[in-house]
Amino acid sequence: MINNFHQQTIAKVAEHFQVDLHTGLAQKTGCDRLKTYGYNEIPGGRSYSLWSLIFSQFKDFMIMILMLATVVSALIGHTTDALTIMFVVFLNGLMGFIQEYRAEKSLALLQKLSSPKGNVLRQGEVSHIEARELVPGDILILEAGDRVGADARLFDIWELDVEEAFITGESLPAAKCTEVITGENIALGDRQNMVFSGSLVTRGRGRAIVTATGEKTQVGNIAYMLRGKAPRLTPLQKRMKQLGTWLVSICFISCVLIVLVGVAKGEPLYHMVLAGISLAVAAIPEGLPAIVTLSLALGVQRMIKKKALVRKLPAVETLGCATIICADKTGTLTMNKMSVDRIYTPGKIWDDNSFSKPELASFWRAAVFCNEASIKKTEKTLTYIGDPTDGALILAAYGAGIKKEDLMRHVKGMDIVPFSSEKKMMSVLVKERNRQIYYCKGAPEIILSMCTINNREKGQIEKTVDELSNQGLRLIAMGQRMIPGNEEKMPERGLNFLGVAALKDPPRPGVKEAVKICRQAGVEVMMVTGDHIGTARAIAREVGILQGQVWDGKKLGAVDEVELHNKLPEVSVLARVNPADKLKVVKTLRKLGQVVAMTGDGINDAPAIKEADIGIAMGERGTEISREVASLILADDNFSTIVAAIEEGRIIYSNIRKFIRYLLSCNMGEIISVMVSILLGLPLPFLPTQILWVNLVTDGLPALALGMDPLQEDVMDRKPRSPTESVFSRGLGSKIIFQGFLIGLAAILAFVWGLENHELFKARTIAFTTLVMSQLIFVFSCWSENLPLWQIKLKDNLYILGAVAISFLVQLAVLYWLPLQIAFSTTSLPLQVWPVILTFSAVPVFLWEIGRYFINLLSGRV
């Protein structure tokens, strides 16, 4: 457990760790504690061997059914069937292994986060040691540019700023202090007297007592939250498991019925058992897992073009049923880059289109001279080196035509008083040839107190400053005064008030529109951030998220589980939350039945990203750990890309329903044909090898083409489907049974006609071909769940036309090419038989479309 050392005095912390602040630990004490506490490293999680990853690919229910089918096929002598099914199983396993081999690297990346070296005080001397050798009680010595090696309590600082956005979510470096922090449930970002392992010192220097190392640090706590989480089944995986159960039940019942009916008719038990098993094996849609996988993979390729990278295939479809997006603010909804939004001068507010006005020249001069950042130019970008606030000011001045190098040409010398967190200001005396100008920059209330200004104007300025502050803007004021040439002392009164720069981390372009589309699609957006509540509220209001309550981490921690369940749906913004809070929110939302998408870019987001149904990380600014635990990575860091991904997920699920309907109706037709034949005392209309050919080849291409169906215009106008929705919901089950019955009836009628006019060998070929042709015609009926066949535009999906053409050609090869005739027990069909076959094949679709038309007519949809 991590102790609350931020609430304790330095004396108590030093006493707790038995360390002298002036000399540090003795070397022997350090070595003893290293044995007690262990190395300052994050322990690795459960390791997965190569073989365990390989075997885990074959635990899917549908895959286990196919493996059983392989064994049974081999035992009854159907070697070709067994080898074909085995290939399908291997293909699925290979694709899954490639995905998961890269998925469990998060703890290893956290282990690399700490700096390799650190300065500590031991026995009164500064030692440069490996960060892994730091122990609780060590005195850390920190300077600008250092990566903090462990969690520590500060006790001696000078203008210390630390960048810790990766763990707190704050967009700006945090100014540190040494005073005791009081209160309950203090957010990590408000523990200003602490530094955390992995954070970066951006300015100043300091000393601190190490309070936690390794797994006991805040980063280690995140690693603990990440460890041991077994991957959950996605909605699609649950549906496929349900489908597998349904298929096994149908096949088993069919097998038992066939055996019982055959034996009742006097057939030998052995032959009927073989016939039943052969039908059950052949009737399973062997191509279904491969087509689902390929459909998801094709969706992945389409999403890559939209700047969304999918690491876990099922995540593509899961996005389609997302009901809420928990979005981190910094770097996700915003640019994670401070910029000057507007400038206020007495009586007027200037937007960024007016920054180059001559009236602002003095303001920009003050902003450039009171600035410790520098411009960095590259071929394509203009950026800065230094503090983010100073960087935003100097870039804005540069854009307004005020360049530091131009100003410095007239400067003979400068006296600089750096920014002080105590005085909350920075001042510069600029000495030019004929004059001296004093510039200062700092908190508005400090600069205003140094200016000569009447009470009425001062009151108006203070009112405007309060209004800007309430909008979540960071405010920096500027002042100046002309100094006589013989004076060297910097003044503390009599300044001219130049104005206030209002800075913010602006929303990303398109975020507001994306939030609107999400709501239109029935997907709520909640901001979950570690930043200040005022800033969070302002950004949420600007992008359209703020439609409910705003909570901070303290309020979240104060409510019990029952109240949280009742109140959380009313919350739009959660601010000042830590990693454990984010994880708690995601878990609660999932318990409420929500399908949660969690976005983020920092290490602090990683546990919640992994816990969510769909974890989304930023590709450009995201930490490597957040990308590794995520299912989806936004290559352009654009929240708007999530909308495109949700749209793609919905299209994919709609297409999966189409080819499930197609494949299962076809398999139902095969089962019905065989069962009716046995009930009527007829020979089997197809051989198992012929059925396997239909399932894998002639059905496979059209089914895959259905999975490539393009955008449906109204897909983002629908509400998210329920995560518990059955794959057979909305009438799909009844459609499969009815259409399967029609296909089976057509095949058996063609078989009976063949027996009356030809010998068994040719009659079986006629039935086999009728089955194939009826299914190739039936695919057009599956194109849309709602539109009738005559309203479908064939040019909208040329893949289906191509798939049907190829499947027809390969069927002709089976009928007329001798090697395939032998392999599949077929014979050439004369031309005069084809009109009969095509008539029987078209009847199921004709009857279905007529029936659908009258149903729509009666329901008022026509």
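This briefing describes an open sheet with the helix lying across it, and then a buried strand with its two partners. The model is predicted, so local features are reported only where pLDDT is at least 70 and side-chain atom pairs only at pLDDT 80 or more, while totals for chains, interfaces and linings use all residues. Residues are numbered from 1 along each chain as its sequence is written, and side-chain values use heavy atoms, with hydrogens and water left out.

**The open sheet**

- Eight strands (strands being DSSP E runs of at least two residues, numbered from the N terminus) form an open sheet of 8 strands in the order β8-β24-β23-β22-β9-β19-β21-β20, with mixed pairing.
- Its edge strands, β8 (308-310) and β20 (549-552), each pair on one side only, where pairing requires at least two DSSP bridges between two strands.
- Strands β23 (residues 614-618) and β24 (residues 632-634) run parallel and are joined by 3 bridges, with Ile616 having Leu632 of β24 as its bridge partner.
- Helix α26 (residues 640-679) lies across β8, β9 (324-327), β22 (596-600), β23 and β24, and runs at about 140 degrees to β24; helices are DSSP H or I runs of at least four residues, contact means heavy atoms within 4.5 Å, and angles run from 0 to 180 degrees between N-to-C directions of axes fitted to C-alpha atoms, for helices over the stretch in contact.

**The buried strand β16**

- Because 7 of the 7 residues of β16 (residues 436-442) are buried, this strand is largely enclosed by the rest of the structure; buried means under 20% relative accessible area, with a 1.4 Å probe and protein chains only.
- Gln436, Tyr438, Cys440 and Gly442 are buried on one side, and Ile437, Tyr439 and Lys441 on the other.
- A hairpin through 3 residues joins β15 to β16, and 7 bridges link these antiparallel strands, with Val428 partnered by Tyr439.
- β16 also pairs with β17 (residues 474-483) in the antiparallel sense over 7 bridges, where Lys441 stands opposite Met478.

Terms used
Buried < 20%, exposed > 50% of the residue type's maximum accessible area, 1.4 Å probe, protein only.
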